[in-house]
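Here are some short exercises for getting to know a new protein model. Try each task with the structure in view, then read the solution.

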Amino acid sequence: MTELSLPLRFTCVWEKDTADIAPETFLSTVLHVTGLNSAAPPVRSSSEGLNRVSLKIPAAPSTSREQRAAWTRAIEIELDSPQLAVAVTSGEMALRGPALVVLDGDSTLFTGEGIDMVAAHAGTQAEVAAITAAAMRGELDFSQSLRRRMGTLRGLSVSVLDQVRQDYHFSPGATQMVSAFHNHGVKVGVVSGGFMELVEPPATQIGLDFVKANRFEVANGQLTGAPEGDIVTAETKETCLRSWAAELGIGLNRCVAMGDGANDLKMVGAAGLGVAYQAKPALQAAADVRLSWSNLAVLATLTLPN
């Protein structure tokens, strides 16, 4: 007798007017890719400018994370649309969705790289942006690269941070995403290699449950060019995911982590479902799910069961 697992859920989300995936097409694609059988048809729904098709298979042979990731890629290839996201979830994640979602800050929850924006006021933006890009590709040690970038800001007035905050915006769909998760009892956190002085005010405004980021060291009203305290590294991000899940009393299998750079690899790999958001190639290759366009609301539509 074949050992059965908890349900599998196959979900596809796309922007209205960018594609049209019929439930029958999605069903035939899933069954062709996986070799599974399903008596129940997919369910199609629309909300907040997004279309979704979801297929739940109540009981299926046990699958590994690698198998589900391979299915996801094969379904993406067969459906072949640039603004389309696919997720395959199992067990409690398929039944109930996530209980905790942890996001990277800069270029994920927020549109820009905060330190690059601060560097514009110091006249070092080009230098800092180049180092940031290399660090996000995994070509430089993140801690060392951050110290190099912060060093170019030495002597800058702390008042500059007030100006930068005015241009430090959420990515499209962020407020809708957080609201949808909170409406389903899901906790949401941000752990950022950016800076609390930029991240914390807007994160608090939309009610995020957890916030972790670096801080600028300040002396005599000026940035010293060094961080205050320990730097948020890839290891810190994974630790935050694990500690927040433990605080909530939930398993990592009910956690989603999303980011865009190499320093997000560890937390994306530790979560039950890892998502690459307009990400660098290393993270794209490692993640379970790829979101290739700017709309964070897709994450909630893709992972919540209803």
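Before we start: two strands count as paired if DSSP finds at least two bridges between them. Keep in mind, too, that this is a predicted model.

**Exercise 1. Find the bridge partner of valine 43 in S3, then place that pair in its sheet.**

Solution.
- Step 1: Look across from valine 43, and you'll land on serine 54, its bridge partner in S3.
- Step 2: Now zoom out to the two strands: S2 and strand S3 (residues 50-57) are joined by 5 bridges, in the antiparallel sense.
- Step 3: They belong to an open sheet of 4 strands with antiparallel pairing, and its order is S2-S3-S1-S4.
- Step 4: At the edges sit strand S2 (43-47) and strand S4 (84-90), each pairing on one side only. From one strand to the next, the twist averages 20°.
- Step 5: Add the helix: H2 (residues 65-79) lies across strand S1 (8-15) and S4, and runs at about 150° to S4.

**Exercise 2. Work out which strands stand at the edges of the sheet of 6 strands, each with a single partner strand.**

Solution.
- Step 1: Write down the order, S7-S6-S5-S10-S11-S12, for this open sheet with parallel pairing.
- Step 2: Read off the ends: strand S7 (210-214) and strand S12 (289-291) each have a single partner strand, so one side of each has no neighbour in the sheet. The twist here averages 15° from one strand to the next.
- Step 3: Check one pair inside the sheet. Strand S5 (residues 100-103) and strand S6 (residues 187-195) share 4 bridges in the parallel sense, and leucine 100 has lysine 187 of S6 as its bridge partner.
- Step 4: Look for helix H10 (residues 234-248), which lies across S5, S6, S7 and strand S10 (255-259) and runs at about 155° to S6.

**Exercise 3. Decide whether H5 and H6 are roughly parallel or roughly antiparallel to each other.**

Solution.
- Step 1: Get the angle: the axes of helix H5 (residues 125-136) and helix H6 (residues 142-151) cross at roughly 170°, coming within 10 Å.
- Step 2: Compare it with the cut-off: angles over 145 degrees count as roughly antiparallel. So H5 and H6 are roughly antiparallel to each other.
- Step 3: See who touches whom. H5 brings Val128, Ile131, Thr132, Ala135 and Met136, while H6 brings Phe142, Ser145, Arg148 and Arg149.
- Step 4: Sort the contact by class, and you get 5 nonpolar, 2 polar and 2 charged residues.

**Exercise 4. Describe how domain 1 and domain 2 meet.**

Solution.
- Step 1: Split the chain into domain 1 (1-96) and domain 2 (97-297). Their centres, taken over C-alpha atoms, are 29 Å apart.
- Step 2: Count the contacts: 22 residues of domain 1 touch 25 residues of domain 2.
- Step 3: Turn to area. The two domains bury about 1600 Å² between them, with 47% of it on carbon and sulfur atoms.
- Step 4: Pick out the main contributors in domain 1: Arg65, Arg73 and Met93 supply 38% of the area it buries against domain 2, more than any other three residues.

Terms used
Residues are numbered from 1 along each chain as its sequence is written. This is a predicted model: local features need pLDDT of at least 70, side-chain atom pairs count only at pLDDT 80 or more; totals for chains, interfaces and linings use all residues. Side-chain values use heavy atoms; hydrogens and water are left out. Axes are lines fitted to C-alpha atoms, for helices over the stretch in contact, and angles run from 0 to 180 degrees between N-to-C directions. Angles under 35 degrees count as roughly parallel, over 145 as roughly antiparallel, 65 to 115 as roughly perpendicular and the rest as oblique. Contact means heavy atoms within 4.5 Å. Ala, Val, Leu, Ile, Met, Phe, Trp, Tyr, Cys and Pro count as nonpolar, Asp, Glu, Lys and Arg as charged, and the others, Gly among them, as polar. Domain bounds come from an automatic or database domain assignment. Buried area is the accessible area (1.4 Å probe) that two parts lose on being put together, summed over both.
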